[in-house]
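Okay, thanks for coming, everyone. I'll put the structure up and walk through a few spots in it, so stop me whenever you like.

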Amino acid sequence: MSAERSAHSRDTQAVLTEAFRARTATIGVVGLGYVGLPLVLRFVDQGFRVIGLDIDSEKVRKLNAGKSYIKHIDATRIRQARAKGFEATADFSRSRKADALIICVPTPLDEHREPDMRFVIGTIDELKPHLRKGQLVSLESTTYPGTTDEELAPRIESRGFKIGRDIFLVFSPEREDPGNEHFSTQTIPKICGGFTRNCRNVGVTLYSQIIDRVVPVSSTRVAEMTKLLENIHRAVNIGLVNEMKIVADRMGIDIHEVIRAASTKPFGFVPYQPGPGLGGHCIPIDPFYLTWKAREYGLNTRFIELAGEVNSNMPEWVISKLTDALNARRKSVRESRVLVLGIAYKKNVDDPRESPAVEIMELLREKGARVAYSDPYFPMFPKMREHDFNLRSQPCTPTSLRRYDVVLIATNHALFDYAMVKKHARLIVDTRGVYQKPARNLVIA
Ligand SMILES: NC(=O)c1ccc[n+]([C@@H]2O[C@H](COP(=O)([O-])OP(=O)(O)OC[C@H]3O[C@@H](n4cnc5c(N)ncnc54)[C@H](O)[C@@H]3O)[C@@H](O)[C@H]2O)c1
């Protein structure tokens, strides 16, 4: 690099870095969902001007009207952000105004269970014509190692920009845990890997303004792989504990008591809870991003496949436990009235994505059960791509509970009164280890 070019590079970098430190920079957050919206609020809180970009005009309209569409994000916070200049838009030409563009769009699997990169690629293609010198582009969506370098970098370079000199590119995975009261965007440490060292330094400076601890890593691929390791670690350990649950059940041992006992070991053991199967946008999906990429290198990811197999069989296993329990009471699943408690994928959130509760409802319906649900987070059964139930949430009261043959606890929201359920339900199938003591009307599944 010539001295002149190097000085030019330092200038662009220095100007951008200074704008981040002085909080005069404008931040563009692209994709205003569970990840993007909390990030918007955190940047606003820290004095940045923020533009939110999303292709969903309904979300844009709601935000600009000071409304929230995520239960755990209060509308007051959106209104406060609006008062501080936050604005949402579906007009991507506005991205030119942003000094940092942070991409938080979905990374699902397609019908062949392979990475569906439409959203990430669609986003960078929409941003591309408006990119300008002196911007930082950060991808936060969970993805396979190589995405930033192989998909984003060439598209940015095709505009004639030199990455690391004109535009800075990083991958910085999101670790949001919706509903977790112990950690916030600010206190969850953030990994940041750059396309070049300059890119990484610019990225670290930006995130250091809003996050207590930023952890730099040597490349975008390391950052991408770190996120996958975290989620695969969970998927595999949940698979292990689900397998242990099936074995313990056959042996007449309460797996939850075992986990509580094992958790007293102060080192070398991390407790994972068994359940009705995996749910959410991340754990059932992300591991298969690595499986797909590993194939390019002639490798099989056997732990991932095995955990996937165990975890995806859990809804069937729960149904078999429920069937046996009804059978013991001289009843068939067909025509039985079943109330599913909790349809979110985990407790205390309003997110139904990939929820095993919904899969269990499908299986029950196929077997002819009369299925109802109760979930304070979903007054109406949510619109889902693969599931269609024309149902509304039923009350969970002593009188209503007596109407059902079985109450199946699929998601252990704190809002349910479990002591009352135990007192009034005829039969309970508990997939979440809510109850610690055996009872005549209780089956652990
Ligand atoms: N939800 C979580 O807890 C969580 C945690 C860690 C990581 N992640 C990862 O973060 C990413 C985003 O997840 P999410 O849960 O926020 O998803 P989400 O579905 O809640 O939000 C994504 C948003 O992106 C918008 N969008 C889609 N295509 C777009 C485009 N081309 N341009 C602009 N906006 C577009 C959608 O309209 C939506 O509002 C995913 O890769 C996910 O794996 C999610």
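So, Asn-313: look in the loop between helix H11 (302-312) and helix H12 (314-328), and that's where Asn-313 is. Is Asn-313 buried or exposed, or something in between? Partly exposed, because its relative accessibility comes out at 43%. Now find Asn-242 as well. Asn-242 and Asn-313 are 71 residues apart along the chain, and their C-alpha atoms are separated by 9.7 Å. Keep in mind while I talk that this is a predicted model.

Next, the ligand. There are 26 residues around the ligand, and the ones that come nearest are Val-35, Asp-54, Lys-59, Thr-107 and Thr-123. If you sort that shell by class, you get 12 nonpolar residues, seven polar ones and seven charged ones. What does Thr-107 do there? A polar atom in the side chain of Thr-107 sits 2.5 Å from a ligand oxygen. Arg-353 also reaches in with its side chain, where an N or O atom is 3.1 Å from an oxygen of the ligand. With Val-105 we're talking backbone: a polar backbone atom there is 3.5 Å from a ligand oxygen. And how much of the ligand does the protein bury? On its own the ligand exposes 830 Å², and 93% of that is buried by the protein.

Let's go to helix H3, residues 57-64. At its start, Asp-56 points a side-chain oxygen to within 3.0 Å of the backbone nitrogen of Glu-58. After H3 comes Gly-66, and its phi is positive, near 75°.

Okay, aromatics. How many aromatic pairs turn up in the whole structure? Seven. Take Tyr-144 and Trp-292: their rings are 4.9 Å apart centre to centre, with 50° between the planes, so the pair is classed as tilted, since that angle falls between the 30 degrees for stacked and the 60 for edge-to-face. Why care about that pair? Tyr-144 is in the loop between strand E5 (135-139) and helix H6 (147-157), while Trp-292 is in helix H10 (residues 287-296), so the contact ties together parts that are 148 residues apart in sequence. Tyr-144 is buried, at 3% relative accessible area, whereas Trp-292 is partly exposed, at 27%. For an edge-to-face pair, look at Tyr-373 and Phe-381, with 5.8 Å between centres and 80° between planes. Both Tyr-373 and Phe-381 are buried. Back to Tyr-144 and Trp-292 for a second: together with Tyr-289 they make up one aromatic cluster.

Tyr-144 has a backbone contact too. Its backbone oxygen is 2.7 Å from a polar side-chain atom of Thr-147. Thr-147 belongs to helix H6, and it counts as buried, because its relative accessibility is 0%.

Last stop, the cysteines. How many disulfides does a search of the whole structure find? Zero. Why doesn't Cys-192 have a bond? The closest cysteine sulfur is in Cys-199, 9.4 Å away, so that's too far. Cys-192 is buried as well, with 0% relative accessibility. Cys-396 is another buried one, at 18% relative accessible area, which counts because the cut-off for buried is under 20%.

That's my tour. Who wants to start?

Definitions and conventions: Residues numbered from 1 in each chain as written. Predicted model: local features only at pLDDT ≥ 70, side-chain atom pairs only at ≥ 80, totals over all residues. Heavy atoms only, no water. Disulfide = S-S within 2.5 Å. Buried < 20%, exposed > 50% of the residue type's maximum accessible area, 1.4 Å probe, protein only. Near = heavy atom within 4 Å. Polar contact = N/O pair within 3.5 Å; in protein donor to acceptor, adjacent residues only side chain to side chain. Areas by Shrake-Rupley, 256 points an atom, 1.4 Å probe, with all protein chains shown as cover. Nonpolar A, V, L, I, M, F, W, Y, C, P; charged D, E, K, R; others polar. Phe/Tyr/Trp six-rings, centres within 6.5 Å; stacked < 30°, edge-to-face > 60°. Helix = DSSP H or I, 4+ residues; strand = E, 2+ residues; numbered from the N terminus.
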